[in-house]
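Hi everyone, thanks for coming. Today I'd like to talk about aromatic side chains, so please have a look at the screen with me.

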Amino acid sequence: MRANGGLLTPPSGRGGDASKPITIGAIEESDPPLFDAEWQAAPISLSQNSYWIIEGVNARNGESLIRIGENSDHNIIRRVVVWDATWNANNELIGIHSGSNDNLLEDIAAFGPSRKTVNNTQGGDNNTYRRIWIQHQGSGDDGPTAVDLAYNSYGAHFENVLASMDWKFGPETWIRTSNGSSLGVTQSGEFRAVNTGNIISAAGTQSGDNCANASVHGSLGYLMADYIFHSQGNDYHGLGAPMLYLAGDSLNCITLRHVMIYIDPGNDRYNEYRGMFLGALDVQGTAHAWSAANLTSVSGPQGDYLDSTWGVGSTMSAGFTHNDVVSPWTATATGANLCYQYKDGVVTDVPLWPWPMNERIKQATALAGVYSPPSCLGCSGGRASRVAIDVTADIESMLGVIPAHCRR
């Protein structure tokens, strides 16, 4: 299959079945087809489409990038790289919505501006996100987040996710929006984010049933030394936005296993932001059903806030540099181990490294260049050019050399 521009949008209502899914794939993934929506729509969109497989393609420049909605079930999207949504909008790079269930996104990369990078929301239930590399690169809309686990949805499971935020590629000044509507306020200067931004967070679930049944396994959220993320939000204790933030009064049934947060000591927000904030997710009349084990946090003097009801206990490893914590390549009883692949919530014996989409990510990030949408409300300045990102090399520069037993 060859493409240069255009949309990958099957007719609504068309689909396969469990024994005969419909497959769209690349002839040669070293030169993947590129779908460019030219900022008008989602270049990859499923609506009332079930049992489709989409693999080996790239997509860019959309209102959103991958959208699965309107009762689109049992689809697989794998080995796909997407980038760049519109700046002043309530949008996402990857979103599953509207009664779309049992979908699998596997070996995916998503980078560039958007309000949410990965957004499981509004009745998208029992979906799995496996081996996803994410770099949230800014938004003019309130509430930017790299990974939103559970918003009016259930059963989102994230396995081997690498997520970061770096806003140097967006404009320096813009008109602030909320849900896409202008607030008439010019946003500029030191603060490059608005209204609490987090790398990993979760909001409310459907009314009447607070059991989100969401999980994160074998995953890393990070800020490297030169990454720019300045948030005006706070953790309700007077500190800047935590990288991992789960708190409130409307969530239950969340599981974290082998999750690491890393803020490089050279980052200019190292002294201000917490690594993790795991608050009390009390729901009146509902028994606690959230838990966390084998967490690692490398962050500054603000440290972490861990409510005792999460049950983290002695499995937590925390320090000021990667040398102060248990190595993620050898951790067992204490700290997160990031050496192996997860499948369906269970760690396998298959090494995770080098990162599965490493070469595709290097190719796409080099291709992306300067973020320059034709319409950007009040935007000026900024916009550094993207360069090739070597994910495996970046992780080793932060966490040490990946040993042979973690490599395929």
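Let's begin with Trp 310: buried or exposed? Its relative accessibility is 1%, and the cut-off for buried is under 20%, so Trp 310 counts as buried. Please keep in mind that this is a predicted model.

Now for a neighbour in sequence terms, Trp 290. Trp 290 has 4% relative accessibility, so this residue counts as buried too. And which parts of the chain do these two come from? Trp 290 sits in the loop between β20 (276-278) and β21 (291-298), while Trp 310 sits in the loop between β22 (305-306) and β23 (317-319). Because they pair up, parts that are 20 residues apart in sequence are tied together. As for the geometry, Trp 290 and Trp 310 make a tilted aromatic pair, with 6.1 Å centre to centre and 55° between the planes.

Let's step back for a moment. How many aromatic pairs does the structure hold? There are 15. Another one of them joins Trp 167 and Phe 229, again tilted, at 6.0 Å centre to centre and with 55° between the planes. This pair links distant parts of the chain, 62 residues apart. You'll find Trp 167 in the loop between β13 (157-165) and β14 (174-178), and Phe 229 in the loop between β17 (211-223) and β18 (244-246).

Both partners count as buried: Trp 167 because its relative accessibility is 0%, and Phe 229 because its value is 1%.

Finally, a group to find on your screen: Trp 167 and Phe 229 belong to one aromatic cluster with Trp 39, Trp 87, Trp 174, Tyr 273 and Tyr 371. Thanks for listening!

Conventions. Residues are numbered from 1 along each chain as its sequence is written. This is a predicted model: local features need pLDDT of at least 70, side-chain atom pairs count only at pLDDT 80 or more; totals for chains, interfaces and linings use all residues. Side-chain values use heavy atoms; hydrogens and water are left out. Rings of Phe, Tyr and Trp (its six-membered ring) pair if their centres lie within 6.5 Å; planes under 30 degrees apart count as stacked, over 60 as edge-to-face and the rest as tilted. Helices (H or I, at least four residues) and strands (E, at least two) are DSSP runs, numbered from the N terminus. Buried means under 20% relative accessible area, exposed over 50%, partly exposed in between (1.4 Å probe, protein chains only).
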